[in-house]
Amino acid sequence: MKKSLSLLLALALAVSSLTACGGGSGSGSTTAAAAPAETKAAETQSATLPDIGKVETAAAGAEVAAEASGKGAAETSSKDSLIMGYTKEPDSISPGTDSKTNAQMVCQMCYDALVGKDPENQSVMVPGIASSWDFEDDGTTLVFHIRDDIKFHDGTPLTVEDVLFSLDYAVQQGLNAAGASILKSWEAGDDNTVVIHLEYAYKPILQILAMPGFSIISKAFYEKCEAEGTNFGQVENGTGAYILERWTQGDRIVLKAYDDWHRGTPAIKHVEIVTIPDETSGALMAENHEIDFFIGMNSADVDRMMQVDGLTILNVVSAGTHLAAMNLTREPFKDNLALREAVAYAMNRDEILEGGMNGYGKVTPGPVTPGYFGFVEDFEPYPYDPEKAKEKLAEAGYPDGLHIVFKTPSDSWYCNPSQVLCEQLRKVGFDVEIQIQERATYLQECQNNLDYDMCWYMTWGDFPDCDPPMWTKFHSSCIGQNMGNWGGLNDPEVDALLLKARTSIDDEERIACYKELAEMNKENCWYLFVFTSYNPICFDSHLKGVVPITSVLYNPAFFYWE
Amino acid sequence: MAEYMKAIEEAAEPKRRSQIGAIWFRFRKNKLALMGLIIFVTLGLVALTAPLYLDFEKDVIEQTISQRFKGPSAEHFFGTDQFGRDIFKRIIWGARTSMFVGMGIVAVSMTGGIIFGSLAGYYDGSVLDNVLMRLCDMFLAIPGTLLAIALVSVSGNNIPNLILALGVSTMPKMARLVRASVLSIKNQEYIEAARSCGTSDRRIIISEILPNAIGPIIVEATLSVARGIISIASMSFIGLGIQPPNPEWGAMLSEAKVQMINHPYLVVAPGIAIVLTVMSLTLIGDGLRDALDPKMKN
Amino acid sequence: MYKFIIKRLLMLIPVLLGISFILYSIMSLTPGDAATLMLGDSANEQAILKLREELGLNGGFFENYIRYIGNIILHGDFGISYRTRNPVFTEVLTRFHYTLRLAFTAILISTVFGVLFGIIAAVKQYSFTDNFITAVTLALTSMPDFWLGMMLIIIFAVTLKLLPISGATSWRHFILPGLTASANYMAYTIRQTRSSMLETIRMDYVRTARAKGVPEGKIVFGHTLKNALMPIVTLVGVNMGWQLGGTIIIEQIFGIPGLGSLLIMSIRLKDTPVIIASVMFVATLSSLINLGTDILYAFIDPRIKSLYQTKKKAVKTSG
């Protein structure tokens with residue numbers, strides 16, 4: 001008697017808990033599912049993928065005012081909500097705290113910076129919190145005129161105080177280190193302006209100030225959070241297009257439009273961003289229209305998804321270039337040019353791209369990401385020549401082969417290309433031991449301690465100028481300490497060249513410098529750049545206004561439903 | 001005294017010999033167990049002799065990018081993977097890894113388990129016993145997978161560390177089992193007799209108790225190998241197991257997962273290999289358990 | 001009885017301390033640190049030092065550990081997550097209810113179907129049905145849970161499109177993961193039920209009932225079942241304990257943001273406070289469940305119950 005009772009009780013508990021929890025959170029998907037169901041109209045899908053690496057350096061005459069509301073108002077359907085999906089949830093959305101692109105994407109939805117970017121062209125700056133700006137003193141001083149009509153989401157007006165406070169805050173965030181080193185000081189000027197003094201004239205300074213890490217925060221709100229012990233990274237009070245309504249950890253972030261956004265009222269009123277840890281599932285959910293927009297598709301799914309009606313797939317050239325680094329600070333690669341050349345000749349970039357990334361990317365043998373300022377078209381690396389590689393290996397003093405350790409993190413987009421490269425090296429006589437490591441270990445050993453023979457990694461450029469990634473990779477001051485000179489290169493000539501390129505305000509001079517740097521790198525085989533990957537995104541074809549963005553900082557404020 | 005001991009040992013020995021014979025007889029009668037044994041031995045032979053008919057460099061790890069993702073065919077029985085390698089050959093080679101590492105894990109957990117378990121059981125109730133059992137509780141309270149992941153992260157990702165980490169995480173269970181076995185034998189009369197003869201504790205444990213406790217230990221060891229193979233596959237699946245390009249069934253499944261929808265055949269073969277191996281080991285283990293148990297319930 | 005309970009609860013404390021020490025040591029010995037991982041590749045040295053100071057990571061190993069334990073014991077403060085800066089237990093509890101739902105689904109499926117098939121197998125012993133069930137049971141215990149999950153996804157979610165692939169928003173999202181998580185213990189339950197049933201059927205009182213002319217159905221469901229099911233209670237308890245900590249991989253495959261996913265993410269990012277708190281949480285729950293099962297079992301099984309009662313009587317007479 002008692003046993004059956006207890007069993008029954010347990011059953012009842014189980015059933016009730018299931019039904020109790022099951023109701024609430026699932027309601028969001030219904031709106032999204034409804035619309036595409038009727039529309040069978042197939043968008044023309046091109047059979048071959050358009051190579052949309054759109055970030056050119058063209059200065060455009062883009063109008064500043066034509067934002068979401070202007071375009072959207074006339075043709076929008078009544079549909080005004082959007083469900084997005086990504087694979088990694090942000091840990092924090094406050095400016096400059098979380099390095100993940102997803103976190104920065106949400107950050108720039110909720111916050112604004114002094115300067116904005118033209119939604120059609122990421123190289124073109126448009127006014128943000130500042131309505132205009134002037135360069136003075138040969139480019140070492142910037143004067144920003146702050147708009148006086150902007151309010152934070154809680155209704156308080158934005159003042160020069162907040163801008164100054166935000167700069168104080170921003171330079172303390174570890175992620176803004178590059179930018180922080182260029183800003184010298186800042187103070188309020190007359191007539192609602194903020195004056196910023198730079199260490200030296202730096203052309204891309206506006207790009208830096210447009211980054212989500214330099215968004216303007218509310219001083220009063222920040223101090224309130226500190227006083228109350230609220231986690232500033234998980235709440236927001238910005239001026240951006242969207243207000244954080246609800247954040248269910250592990251599940252989704254829910255946002256609603258801020259109608260008084262200074263760049264216009266967004267057409268999309270409700271945004272839900274769902275965390276879908278599995279890339280394939282995300283693609284399938286987009287296919288089933290359970291979500292409208294998915295960031296983080298796996299290259300393996302692209303071909304199949306291209307065949308689906310009603311979905312648009314864009315292959316966006318990413319801001320990351322993959323490269324193989326050799327440890328220049330110790331044997332065997334130190335001072336052994338022939339050995340490094342052997343590796344260079346053994347490398348078959350096309351095969352690495354094909355086998356490692358399913359062909360979704362662009363072979364880039366030069367140091368700069370395609371489309372970024374400083375990119376050299378038609379750069380010829382050492383050709384793939386395994387016979388010559390074997391010769392070089394013998395010339396380097398290892399005719400019977402050499403045992404090297406190749407380290408790579410466990411993410412598939414690092415370790416798959418690595419495996420292909422290691423196999424290529426093995427074929428010419430290297431005895432390669434591949435070590436796949438957890439990210440933590442990998443960063444500690446390779447980035448900080450330079451304890452590796454060869455490793456694979458990716459550089460990321462936050463904005464379309466090649467100075468930051470080039471500086472951190474090649475400058476001798478960036479070795480170890482979590483910086484980007486993983487090879488350990490220490491060459492005063494290179495340092496001088498980098499400084500010249502950084503501080504010059506003449507575009508042609510800068511381009512010439514970077515070209516020279518690329519040639520030096522090729523001759524000396526310091527770093528072997530392989531390819532730039534694509535970041536495919538897929539979204540419902542009825543969603544308009546989507547422009548491929550290399551830095552993955554999409555903002556639904558510029559989208560609208562047709 | 002010495003002759004007395006010798007006489008006892010001689011009397012004991014023939015009993016053991018025919019005991020093994022009897023066990024084998026009972027085992028043979030169990031058709032399922034026999035089938036399991038045959039399957040496992042076949043797999044084992046195929047795996048052991050692999051270097052004779054497979055060339056590691058050419059057949060197992062060499063990549064042919066142009067041959068990626070070919071479906072099953074006469075040339076490639078199970079198709080090719082993302083780097084153009086023959087899956088069938090990799091599965092055969094993977095058997096070597098799985099079996100070797102599986103047995104390694106059991107060796108580690110058995111060694112530690114027997115030492116600690118027999119000490120705890122023999123000195124039952126003492127401080128040593130309590131300390132050892134509390135330690136077991138602590139390790140058992142941490143989810144096994146988690147402990148293994150954490151340990152591998154500390155020590156680095158190579159085969160000896162993997163064996164050690166997984167062995168340590170399964171040791172508490174073995175220790176518990178050994179302790180229970182030892183406890184049940186400890187109070188038998190012949191043990192008391194040996195003790196009254198003045199035999200040292202160590203000798204008693206090694207010569208008298210363990211040989212009689214060995215039955216359940218062997219059963220557990222067999223089942224442990226089975227579980228070990230699955231743990232290795234799980235670790236490799238998360239990316240912490242065997243390093244490429246060495247083939248391992250779990251790692252192959254991990255690579256297959258991304259391509260699950262485009263090329264589902266990639267998921268089938270390594271999974272069936274695991275199921276077959278583990279199943280045969282389980283059947284052997286169950287068969288041993290039944291064969292060792294004098295009061296067989298039919 | 002109460003002394004027994006108190007003793008079991010007290011034994012929990014050293015176990016919890018031990019767990020925290022073991023995990024803290026392991027995480028401290030691993031290379032890489034939370035501050036570096038949080039700030040990313042491009043952060044500079046100063047920022048990292050500052051963050052380490054904030055998180056209390058500077059100082060020697062023992063100093064950090066004592067500080068950490070001290071906070072827990074004296075203030076009940078388990079610290080903040082290095083990753084999100086949220087209080088640790090907020091993280092654990094928001095994730096926990098997903099794992100709980102998964103666990104309940106799995107236990108429901110494994111117990112209900114396990115008992116059902118176990119009974120069928122026992123009643124139709126040696127028939128084709130019995131052998132088939134045994135074969136399936138064997139296969140279930142022999143497959144890795146992630147493979148079973150993948151196969152289920154391929155069949156039900158992709159090919160037949162009956163169920164969603166991943167996520168945790170509706171009850172339908174928990175069917176496939178629940179099935180996958182239930183496989184192992186369903187197999188054990190089937191075997192246990194079958195052998196218990198067979199054992200009880202042979203008992204004398206069953207023979208007596210049959211001799212009396214009681215219909216077979218009543219024998220199976222009335223007399224045998226109740227007694228055969230007692231070991232199942234223990235099994236459910238053990239199952240529950242396993243479900244809380246053993247579904248790490250299943251949660252990864254099905255995209256369920258539960259405790260298992262949190263644990264893996266925390267290990268990868270060296271978020272030590274979250275790791276330790278989650279494991280302590282799971283360990284405490286498992287111990288309590290085991291304790292509860294033992295007590296329940298004592299009430300259900302009259303033989304054990306009488307054991308306790310005779311002890312009391314024995315004490316009384318001697319004292």
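Start in chain B by selecting B:P245, which sits in the loop between α10 and α11 of that chain. You are looking at a predicted model, so keep the confidence colouring to hand. Turn on the backbone here: the peptide bond from B:P244 to B:P245 is cis, with omega near 0°.

**Into α11 of chain B**

Move on to α11(B) itself. What is the burial like along this helix? Of its 10 residues, 9 are buried, so α11(B) is largely enclosed by the rest of the structure. To light them up, select B:W249, B:G250, B:A251, B:M252, B:L253, B:S254, B:A256, B:K257 and B:V258. Notice that a lysine, B:K257, is among the buried residues.

**B:Q82 and its surroundings**

Stay in chain B and pick B:Q82, in the loop between α4 (56-61) and α5 (87-122). Is B:Q82 buried or exposed? Buried: the count is 24 C-beta neighbours inside 10 Å, and the cut-off for that label is 20 or more. Now show what B:Q82 touches, skipping neighbours within four places in sequence: B:R68, B:F69, B:E255 and B:Q259 come up from chain B, and A:G355 from chain A. For a sense of how the chain folds back, draw a distance to B:L266; that residue is 184 residues apart from B:Q82 along the chain, yet the C-alpha atoms are separated by 9.6 Å.

**Where B meets C**

Colour chains B and C separately and look at their contact, which takes 29 residues from chain B and 31 residues from chain C. On the chain B side, the elements giving two or more residues are α6 (127-141), α7 (144-155), α10 (201-238), α11 (249-258) and α12 (265-292). So much for location; by class, that side divides into 21 nonpolar, 5 polar and 3 charged residues. The helix α11(B) you have just visited is one of those contributing elements.

**Across to chain C**

Select α5(C) together with helix α8 (residues 175-201) of chain C. The two pack at an angle of about 35°, with their axes 6 Å apart. Look down through the pair and you'll find a right-handed crossing. The contact of α5(C) with α8(C) has 17 nonpolar, 10 polar and 1 charged residues.

Next, step to C:K161 in the loop between α7 (145-159) and α8 of chain C. Its phi is near 55°, a positive value in a residue other than glycine. C:K161 counts as exposed because 11 other C-beta atoms lie within 10 Å.

Now colour chain C by pLDDT. The chain mean is 81, and 90% of its residues reach 70 or more. Which elements mark the two ends of the range? Helix α5 (residues 88-123) has the highest mean, 90, and helix α15 (residues 302-318) the lowest, 58. Zoom in on residues 315-319: pLDDT stays under 50 there, and the model has 0 contacts for them beyond four places in sequence. For the model as a whole, the scores are ipTM 0.82 and pTM 0.80.

**Chain A**

Chain A has 18 helices and 19 strands. Of its 562 residues, 53% are buried. Among contacts between residues at least 6 apart in sequence, 71% join residues at least 24 apart.

Go to the loop between β12 and α11, where you can pick out A:P332 and A:D335. The bond from A:E331 to A:P332 is cis, with omega near -5°. A:D335 has a positive phi of about 60° although it is not a glycine, and it is exposed, with 10 other C-beta atoms within 10 Å.

Follow the chain into helix α11 (residues 337-346). Here 8 of the 10 residues are buried, so α11(A) is largely enclosed by the rest of the structure. Those buried residues pack against β12 (311-326), α13 (386-395), α14 (412-427) and β17 (527-540) of chain A.

**Last stop: the core**

Select A:L528. Beyond four places in sequence, A:L528 is in contact with A:L323, A:A324, A:V343, A:A344 and A:M347; of these, A:V343 and A:A344 are buried residues of α11(A). A:L528 also belongs to the largest nonpolar core, which has 313 residues; B:I274, C:I19 and C:V279 join A:L528 as those with the most contacts inside it.

How values were computed: Residues are numbered from 1 along each chain as its sequence is written. Chains are lettered from A and ligands numbered from 1 in the order in which they are written. This is a predicted model: local features need pLDDT of at least 70, side-chain atom pairs count only at pLDDT 80 or more; totals for chains, interfaces and linings use all residues. A nonpolar core is a set of buried Ala, Val, Leu, Ile, Met, Phe, Trp, Tyr and Cys residues joined through C-beta atoms within 7 Å. A residue is buried if 20 or more other C-beta atoms lie within 10 Å of its own, exposed if 12 or fewer, and partly exposed in between; C-beta atoms are placed from the backbone. Two residues are in contact if their C-beta atoms, placed from the backbone, lie within 7 Å. Helices (H or I, at least four residues) and strands (E, at least two) are DSSP runs, numbered from the N terminus. Ala, Val, Leu, Ile, Met, Phe, Trp, Tyr, Cys and Pro count as nonpolar, Asp, Glu, Lys and Arg as charged, and the others, Gly among them, as polar. pLDDT is the predictor's confidence in each residue, from 0 to 100. Axes are lines fitted to C-alpha atoms, for helices over the stretch in contact, and angles run from 0 to 180 degrees between N-to-C directions. A crossing is left-handed if the near helix is turned anticlockwise from the far one by less than a right angle, and right-handed if clockwise.
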